[in-house]
Every structure is written in C-alpha cells, then in structure tokens.
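Biologist: I have a fold on my screen and I'd like to learn how to read it. Could you take me through it feature by feature?

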Amino acid sequence: TLFRSPKNKAKTALKGIKSPGEKSRYETSLNLTTKRFLELLSESADGVVDLNWAAEVLKVQKRRIYDITNVLEGIKLISKKSKNHIQWLGNKSAFEDSSKYQQTVKELSELVEAEEQLDKLIQMCTIQLKLLTEDAETKHLAHVTCQDLRSVADPSEHMVMVIKAPPDTQLQVSDPEEALQISVKSAKGPIDRTST
C-alpha cells in the first residue's frame, strides 16, 4: 500500500488553484476563442478581419487564431483575402449593416404595438357588444336603422345584409380566415334576409 506524505497532499490540493494572472481552461478553450472570433467577424463592416489584430484583441496566441481559420476555411465559411486578412463567406445576412437590422427591429416593435392596440380594441368591442345585448336596460337598443345602413360611406365596397328577425334570435359568424359563414336561428318566428 502506498502512503502519501503530507507534503504530497499539499501539492495535490494546490494543483487546481490558479494564480491570479493564469487563465482558466475554459477561458483558453478553442470553443470560447472561436465564439469570440466569430463575434469579431460579425462586428466587421465588410466581414474582413486582420488576424494579427484579432489575436491581440482576443489575447490569444496567433496559432490559436490559425487553428480556427483553418477549420472555417476548410468548411468554406471564410477565405484568405491577403496574408493576414480573412473574409467571411457564410450567410451574408448574418453580417449585414446593423442599421438595416435596427430598422427591422423597430418595424417589428411598431407592428407588435399596433397588433396589441387592435387586440385591445377587439376585446373592448366584444365586451361592449356583450353588455349591449345582454343588459336588460340596453337590449332594446341592439339594432341598426335604415338610416345607419344608408350612412355607409361607399356601399359598392361593402356587403350590407339586412336581417329582420324576432327578439332572442341568435346570430353566429364563423372565423373569416376559414370561410365566412353566418348562421341565424330563431325559435319565435320567421327570419327575413336581404343583401345588397
């Protein structure tokens, strides 16, 4: 059986501790260095990077940069532009002008905001319609007059359907994205319909 002296135990315990200036294994890993190198490529206006500059910025040996560029060149994501300069050949949209990206983000934000406003309006109209048709005091107001129908700005662009039905008639409208279907049911009498 081997016995370790206290001296050997101290060496083993200190083996995993790094000095303040020493980088961890992860910090020097090719994986992390590659990610940081690709970030530099993405920040480049034209997709061209000076390898000497990249090695300085990333604080790694130039050999590590060559390891990365050899692989990227092998899979045809970059090409050598000159001795110490490479150019990105991959998806061009990944490195397009950031102002175009910012414009797209702004437009998306505006569209999301407009959609939220429309959703609120639809919800508000649904609540108001429900209150109007279910409240005993306002139920008698749930109708459209001939004058209302005549006030449609341009009747050629709208389909107007007039339904004359007894009280408590049920009207159901399907989702217009699927197919517009209107169903009218009454248990208290006949239903007359006219469309223009």
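Modeller: We'll start with the whole chain, then go to two helices, a few loops and some backbone angles. Keep in mind that this is a predicted model.

Biologist: Fine. How many helices and strands are there in the chain?

Modeller: Six helices and seven strands. Reading along the sequence gives you their order, and here the pattern is α-α-β-α-α-β-β-α-α-β-β-β-β.

Biologist: And how much of the chain counts as buried?

Modeller: Of its 196 residues, 14% do. For that label a residue needs under 20% relative accessible area. Another overview number looks at contacts with a separation of 6 or more: residues 24 or more positions apart account for 42% of those.

Biologist: Let's take one helix. How do I check the length of H4?

Modeller: Count residues and work with 1.5 Å for each. Helix H4 covers residues 62-74, so its 13 residues should span 18 Å, and the end C-alpha atoms are indeed 18 Å apart.

Biologist: Which residues of H4 are buried?

Modeller: Ile65, Ile68, Thr69 and Leu72. Those residues sit on the same side of H4, because they cover an arc of only 95° around the axis. Turn to the other side and you find Val71 and Gly74 exposed.

Biologist: What covers the buried residues of H4?

Modeller: The cover includes helices H2 (30-43) and H3 (51-58), plus strands E2 (78-82) and E3 (85-88).

Biologist: H3 is on that list, so let me try the reading there. Which residues of H3 are buried?

Modeller: Leu51, Ala54, Ala55 and Leu58. Look down the axis of H3 and they fall within an arc of 100°, so they line one face of the helix. Their cover includes H2, strand E1 (48-50), H4 and E3.

Biologist: Now the pair together. At what angle do H3 and H4 pack?

Modeller: About 115°, with the axes 9 Å apart. H3 passes H4 in a right-handed crossing. To see who meets whom, list each side: H3 brings Leu51, Asn52, Ala54, Ala55 and Leu58, while H4 brings Lys62, Ile65, Tyr66 and Thr69. Sorted by chemistry, the residues of this contact are six nonpolar, two polar and one charged.

Biologist: Can we try single residues? Is Thr33 buried or exposed?

Modeller: Buried, with a relative accessible area of 0%. Thr33 lies in helix H2. To see how the fold brings parts of the chain together, compare sequence and space: Thr33 and Val60 are 27 residues apart in sequence, and their C-alpha atoms are 8.1 Å apart.

Biologist: And a loop residue, say Asn84? Is it buried or exposed?

Modeller: Asn84 is in the loop between E2 and E3, and it is buried at 14% relative accessible area. Leaving out residues up to four places away in sequence, Asn84 touches Val49, Asp50, Leu51, Asn52, Lys62 and Tyr66.

Biologist: Where is Lys188 found?

Modeller: In the loop between strands E6 (182-185) and E7 (192-195). Lys188 is exposed, with 58% relative accessible area. Beyond four places in sequence, Lys188 touches Pro166, Pro167 and Asp168. From Lys188 to Pro166 the C-alpha separation is 6.3 Å, though they are 22 residues apart along the chain.

Biologist: What about Ser186, which is found in that E6 to E7 loop too? Which residues is it in contact with?

Modeller: Pro166, Thr169 and Ile191, once neighbours within four places in sequence are set aside. Ser186 counts as partly exposed, at 26% relative accessibility. Its C-alpha atom is 9.0 Å from that of Leu171, 15 residues apart in sequence.

Biologist: Last topic: backbone angles. What sign of phi do most residues have?

Modeller: Most residues other than glycine have a negative phi. So positive values on residues that aren't glycine are good ones to look up here. Lys59 has a positive phi of about 55°. Lys59 lies in the loop between H3 and H4, and with a relative accessible area of 61% it is exposed.

Biologist: Which residue following H4 has a positive phi?

Modeller: Lys76, with phi about 60° although it is not a glycine. You'll find Lys76 in the loop between H4 and E2, exposed at 64% relative accessible area.

Notes:
Residues are numbered from 1 along each chain as its sequence is written. This is a predicted model: local features need pLDDT of at least 70, side-chain atom pairs count only at pLDDT 80 or more; totals for chains, interfaces and linings use all residues. Side-chain values use heavy atoms; hydrogens and water are left out. Helices (H or I, at least four residues) and strands (E, at least two) are DSSP runs, numbered from the N terminus. The expected span of a helix is 1.5 Å times one less than its number of residues. Buried means under 20% relative accessible area, exposed over 50%, partly exposed in between (1.4 Å probe, protein chains only). The arc is that of the directions from the helix axis to the C-beta atoms. Contact means heavy atoms within 4.5 Å. Axes are lines fitted to C-alpha atoms, for helices over the stretch in contact, and angles run from 0 to 180 degrees between N-to-C directions. A crossing is left-handed if the near helix is turned anticlockwise from the far one by less than a right angle, and right-handed if clockwise. Ala, Val, Leu, Ile, Met, Phe, Trp, Tyr, Cys and Pro count as nonpolar, Asp, Glu, Lys and Arg as charged, and the others, Gly among them, as polar.
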